[in-house]
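User: Please take a close look at the salt bridges in this structure, and set out where their partners sit along the chain and whether those partners are buried or exposed.

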Amino acid sequence: MKALSPVISLRNVHTNASAVRFVDPQHNLGDVDLLRQIGYKQELRRHYSTIQCFGIAFSIMGLVPSIASVMATGLATGPAGLVWGWFIAGLFIICVGLSMSFMGSAIPTSGGLYYYSNYYCPDRYRIVLSYLIGCSNSLGLTSAICSITYGFAIEVLSAVSISMDNNFEHTNLKTYGVFAAGIVSNMVIACLTTKHAAKFQTFSICVNVFLIVLFLIAVPVGFSKNNSFNSGKYIFGQWENQRDWPMGWSAIMSWNPAIWTIGAFDSVIHCSEEALNAQRSIPIGILGSILACWVTGWVIVIVCAACIKDGDTVRVLASETGSAMAQIIYDALGKKWAVAFMSLICVGQYLMAISLMIALSRQVWSFARDDGLPVVYKWVKYVDPKIKVPIRATIFAGCCALVMGCLCIIPGSAGANALFSLAIASNTLSWGTPVVLLVLPYGRKKFIPGPFYFGKTKSLMVNIVTTLFLPFVIAMNMVPDSTRVDKDSMNYTCLVNGGAWLLCIIYYYLWAYKNYTGPKSNLDGTESEGEETSSVKNIEGVLEEKT
């Protein structure tokens with residue numbers, strides 16, 4: 001076959017949906033060369049080890065702070081609903097993580113989910129679908145950092161409330177004030193520390209492990225001094241429906257604490273262009289973080305259920321502190337230590353937000369690199385070649401979070417709940433779409449597995465479970481918390497999320513199609529001669545083989 005110029009052959013193949021992907025798992029390709037074969041030049045600094053890839057997701061999941069933020073949702077069906085909801089949802093999340101690992105091992109790029117949606121989709125729909133997924137994933141990660149920082153604000157105010165003997169009034173404006181301060185400060189810290197982001201993940205792991213160990217020791221020991229633990233029958237068999245939905249559906253809604261807490265595993269994919277040995281470290285990071293949080297989180301919720309004073313879940317849910325977790329800690333350790341412990345949880349929650357800001361900035365940057373962001377994409381996608389970090393994308397992501405966080409100003413809890421549901425629904429659509437495409441014949445035919453793969457039959461079975469579970473999760477998070485819908489109980493997810501998805505499609509057909517043509521190569525011929533020669537030989541070899 002006639003040899004093409006390096007840049008043209010890369011760009012043509014990269015943007016052509018029917019072309020093969022140039023990753024041959026039988027060859028031991030370097031990370032930079034592998035990224036070039038996918039179609040991108042190396043712009044970010046590769047410094048994440050395998051344990052640090054694990055740390056990206058694990059630190060964002062932040063077990064104790066995350067459970068503190070959403071425990072009331074699970075406890076609304078009693079201790080059994082909280083405990084079994086976590087366990088059952090975790091099983092399905094493992095299947096989702098396996099599906100993500102198959103794709104991340106095959107094509108390790110920061111664009112990840114919208115790239116996969118473009119690649120595995122038939123030509124007719126691939127560009128608009130990948131645009132929708134790129135927008136949805138960006139929206140989901142932004143709402144996730146909003147919900148994490150909102151949880152941080154609630155925990156800060158809960159600690160203040162405890163220290164003032166509950167003589168403190170929680171207001172939505174106060175909450176937003178703490179929220180805004182958190183977003184701005186972690187945006188600044190993310191920009192300052194992003195050059196040392198790998199070391200920061202190691203630090204976050206240590207903080208989260210310390211919080212887990214401290215909670216599992218201090219709370220049971222403190223509680224046992226003046227109280228008796230609740231029985232196993234109470235922990236695993238006490239169902240109490242605090243919602244007006246039927247018990248069965250209410251119990252399913254109690255899956256959300258696990259779905260939201262363990263829902264940060266795709267952050268590993270967004271940082272894959274900074275990972276060492278990406279095809280292997282990404283699956284380990286995804287599955288390692290899911291398994292660690294599933295098992296350890298189950299132990300934590302069991303301890304929480306065992307330490308509910310007098311088995312009175314209604315009292316805990318109606319706590320004047322504003323947090324069910326804060327009330328459990330207060331009952332176990334008293335005022336002084338409860339304030340100290342909640343302060344530590346606030347620190348953990350804050351570190352979660354910084355880690356997620358790093359992951360979000362990579363998603364925003366990669367989408368801008370492919371001209372997916374409206375108007376500002378040229379400014380956002382720039383990376384200073386000296387520092388090799390997406391500072392502008394971090395600033396843009398933080399500003400978007402400040403705007404979206406205004407939902408928590410809405411009277412009642414509906415706006416704040418929408419932040420959590422938005423994160424789940426938007427990210428779930430982003431996770432599920434490429435997996436659905438992999439299940440369909442066209443996607444299965446195009447899929448070339450990486451080092452992490454279970455074979456055709458087993459992998460297909462895992463992907464089918466994922467495709468059944470994720471649409472159900474989206475539908476569940478569109479349902480209001482109450483059968484009596486009013487301005488306070490309205491689930492704004494269906495309005496905000498559905499409206500955002502619709503606007504993305506409309507905007508694409510009105511304007512974005514002029515710039516966005518799917519993932520595109522940014523190789524410009526300025527790469528080193530050694531890298532270029534190696535990549536061209538590999539590409540031309542695969543082209544010859546396929547031709």
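Analyst: Arg362 forms a salt bridge with Glu274, and the closest N and O atoms of the two side chains are 2.8 Å apart in this model, which is a predicted one. The pair links distant parts of the chain, since Arg362 belongs to helix 16 while Glu274 sits in the loop between helix 13 and helix 14, 88 residues apart. Arg362 counts as buried because its relative accessible area is 0%, where buried stands for a value under 20%. Glu274 likewise counts as buried because its relative accessible area is 1%.

The structure holds five salt bridges, and another of them also involves helix 16: Arg369 pairs with Glu273, with 2.9 Å between the closest N and O atoms. Here too distant parts of the chain are linked, with Arg369 in helix 16 (residues 324-369) and Glu273 in the loop between helix 13 (267-270) and helix 14 (278-306), at a separation of 96 residues. Both Arg369 and Glu273 are buried.

A further salt bridge joins Lys520 to Asp371, whose closest N and O atoms are 2.9 Å apart. Lys520 lies in the loop between helix 22 (493-510) and helix 23 (529-546), and Asp371 in the loop between helix 16 and helix 17 (377-380), so this pair ties together parts that are 149 residues apart in sequence. Lys520 is buried, as is Asp371. This pair does not stand alone, for salt bridges that share partners join Asp371, Lys381 and Lys520 into one network.

The loop that holds Lys520, between helix 22 and helix 23, is also where Trp511 is found. Trp511 is described as partly exposed because its relative accessible area is 42%, a value that falls between the limits of 20% for buried and 50% for exposed. Together with Leu502, Leu503, Ile506 and Leu510, Trp511 makes a nonpolar surface patch of about 540 Å². The loop between helix 22 and helix 23 therefore contains both the buried Lys520 and the partly exposed Trp511.

Notes. Residues are numbered from 1 along each chain as its sequence is written. This is a predicted model: local features need pLDDT of at least 70, side-chain atom pairs count only at pLDDT 80 or more; totals for chains, interfaces and linings use all residues. Side-chain values use heavy atoms; hydrogens and water are left out. A salt bridge is a side-chain nitrogen of Lys or Arg within 4 Å of a carboxyl oxygen of Asp or Glu. Helices (H or I, at least four residues) and strands (E, at least two) are DSSP runs, numbered from the N terminus. Buried means under 20% relative accessible area, exposed over 50%, partly exposed in between (1.4 Å probe, protein chains only). Patches are made of residues with over 30% relative accessible area and no salt bridge: like charges are joined within 9 Å, nonpolar side chains (Val, Leu, Ile, Met, Phe, Trp, Tyr) within 5 Å. Accessible areas come from the Shrake-Rupley method with a 1.4 Å probe; for residues, only the protein chains shown count as cover.
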